[in-house]
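These are my notes from a session spent looking through one chain. I kept each entry to what I looked up and what came back.

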Amino acid sequence: MFDISKFEISEDEIRDAAKKNCLLSMEIEFNKNCNYNCPYCYAAADQGGQDYILPAELAESAIRQAAQLGARKIVIIGGEPLLFEDLEARIKLITELGMGAEIFTNGSLVNPENAAMFFKYGCRVVVKLNSLNAEIQERLTGIKNALSIAKRAVTVLKEAGFNSPDMLAASTVISSENLDGIIELWKYLRENAITPYFEMITPQGRLLDNKYLEVDSLVIKDIFEQISEIDRQYGYDWQPQPPLVGDKCLRNTYSCLINYGGDVFPCVGIDKKIGNIAERPLRIILEESHVIQDLKNYRNMIKGPCRNCDKLDTCYGCRGAAYQLTGDYLASDPLCWRNVDKLDQIVSLPVAATNYLPHQPPMAMVEQIIEVGPVSKVGMKVRKDNRFLDDSGKLDRAVIPEIVAQAGAAVDTFRFNGKIRPGFLAFGHEIKIHDDLNVDDELVIAFSEENSMEGWHTLKFSIVKQHNKICADGEITVCVF
């Protein structure tokens, strides 16, 4: 029996989940293989025909852990979920644990049997439908007769009992190809009791090779506003904001993604691994990930013009777009139409590290913040004026903890909106030196924060120079005050 309460999440519930470190939803890829070839897919390239299936033990563990964390629904993505042979067993477990299953499918494998199975378990099914124009639907899926396939899937689902917009939806990505027919498609879906899931395109994966599909932000704004006005005729009243038409996205405050390898990500758009459920419990991964905690605390952490937006309480744009375009998951969304005239205020990585340190060269040795995330990267060059060089041009090995501490301090300041902390003490331990650091060496300091307690942080690091040669690695403990 379909239960709408498992699928609809209120703003109050989202705020409460963020405070309690709970999940309300979780996305999962049981398999990566797909029989379509969408030119905007977040997958970077063809997967070579391999299945890439999440092992049964890990899949079941992920579902159970999500339920324990309070999730009400599991969103099944891929790949094409209907290519996964054990899909019914996974859906059965989801429902037995009191959650709802939402399946995103291209519709090509929908048949009376699996449609009946979806209905039996009270699933919500979302079919890919980008256009009512057959040629455009084909171009946006890479498959012949894709429109007929999608319409047939809808018909089969409706015959199985999916006659309510609460149960049946259509997924649409707004692009330059289907822009002219978007309004018509929205009306068609409303009039046929199908919920429209329309969203802006995210600049990642295959889209990077198909940039012609991108749409100007002000054009997107106009489309959103037109649909908002039209939707009132159908009894829906909402204010336009990116990246979802008629809805809001704060998913990083109450959801996460587990992929076919068991890797955990904040979402599809923020494709930086924060852990793996084969190695650590999901609860620990989410609690100890500063990326997740930053996103839950986005109102205080977000940077740039979004920080002063009057919609900040219920909107942070698209974190995926912000991350893909700037390298910073807390940057303002460059694709939001409210930021069109403020793009010069949005900082993109890499940036000069000296802007985020309390001291200047030559004492400040790190020079560039390259990446910020589960693993952060900071660059530097061993300059001739470095005060820790000996007469032969070798850097004193005892300075390695200071270099790592400076890298950590720069990233810490960058994360916290440029607020430089008064002090940063470092204590090195378990440091291994594999090669000397010499004048003119160009270095990358990569580190992750392993644990944190009352101002004390352990940074696990490696220092790499030209040709990816590891010069040193180990851990340092730093105290921020």
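Before anything else I fixed the burial terms: a residue counts as exposed when its relative accessible area is over 50%, as buried when that value is under 20%, and as partly exposed in between. I also note at the start that the model is predicted.

**Entry 1: two loop residues with positive phi**

With that cut-off in hand I looked up Asn 468, which has a relative accessible area of 70% and is therefore exposed. Asn 468 is not a glycine, yet its phi is positive, at about 60°. I found Asn 468 in the loop that runs between strand 15 (456-465) and strand 16 (469-480).

I then turned to Asp 440, where phi is again positive, at about 75°, although this residue is not a glycine either. Its place is the loop between strand 13 (424-433) and strand 14 (442-453). Because its relative accessibility is 37%, I entered Asp 440 as partly exposed.

**Entry 2: the chain as a whole**

I counted up the secondary structure and got 13 helices and 16 strands in the chain. The radius of gyration is 24 Å, close to the 23 Å that the globule rule gives for 481 residues, so the chain is as compact as a globular protein of that length. Taken along the principal axes, the box filled by the C-alpha atoms is roughly 80 × 50 × 40 Å.

For burial, 53% of the 481 residues of the chain count as buried. The accessible surface of the chain comes to about 21,200 Å², and carbon and sulfur atoms hold 48% of that surface. Among contacts in the chain with a separation of 6 or more, 67% are between residues 24 or more positions apart.

**Entry 3: the nine-stranded sheet**

In which order do the strands of the open sheet stand? I read the order as 6-5-4-3-2-1-7-8-9, with nine strands and mixed pairing. Strand 6 (195-200) and strand 9 (275-276) are at the edges and have a single partner strand each, so one side of each is left without a neighbour in the sheet.

At the strand 9 edge, strand 8 (residues 263-265) and strand 9 run antiparallel and are joined by two bridges. Asp 263 is the residue that stands opposite Asn 276 in strand 9.

Towards the other edge I followed strand 5, which runs parallel to strand 4 and is joined to it by four bridges. Here Lys 128 stands opposite Ser 171 in strand 5. Strand 5 also pairs with strand 6, in the parallel sense and over six bridges, and Val 173 stands opposite Glu 199 in strand 6.

I next asked how many residues of strand 5 are buried. The count was seven of its seven residues. Leu 168, Ala 170, Thr 172 and Ile 174 point one way from the strand, while Ala 169, Ser 171 and Val 173 point the other way, and all are buried.

**Entry 4: helices on the sheet**

I looked for the helices lying over this part of the sheet and found helix 6 (residues 146-159) across strand 4 (124-128) and strand 5 (168-174), running at about 165° to strand 4. Helix 7 (residues 182-191) also packs on the sheet, where it touches strand 5 and strand 6, and its direction makes about 155° with that of strand 6.

Which residues of helix 7 are buried? My list has Ile 182, Ile 183, Leu 185, Trp 186, Leu 189 and Arg 190. These residues cover an arc of only 165° around the axis, which puts them on the same side of helix 7. I noted beside this that an α-helix has 3.6 residues a turn, so residues three or four places apart point the same way.

The buried residues of helix 7 pack against strand 5, strand 6 and helix 8 (217-231). On the other side of helix 7, Glu 184 and Glu 191 are exposed. Just after helix 7 I came upon Ala 193, which takes a positive phi of about 55°.

**Entry 5: cis peptide bonds**

Last, I looked up omega at two prolines. Leu 349 and Pro 350 are joined by a cis peptide bond with omega about 0°, and Pro 350 lies in the loop between helix 12 (319-326) and strand 10 (351-352). The bond from Pro 361 to Pro 362 is cis as well, with omega near 5°, and Pro 362 lies in the loop between strand 10 and strand 11 (368-371).

Methods:
Residues numbered from 1 in each chain as written. Predicted model: local features only at pLDDT ≥ 70, side-chain atom pairs only at ≥ 80, totals over all residues. Heavy atoms only, no water. Pairing = 2+ DSSP bridges. Contact = heavy atoms within 4.5 Å. Axes fitted to C-alpha atoms, helices over the stretch in contact; angles between N-to-C directions. Rg over C-alpha atoms; globule rule 2.2 N^0.38 Å. Buried < 20%, exposed > 50% of the residue type's maximum accessible area, 1.4 Å probe, protein only. Areas by Shrake-Rupley, 256 points an atom, 1.4 Å probe, with all protein chains shown as cover. Arc of directions from axis to C-beta.
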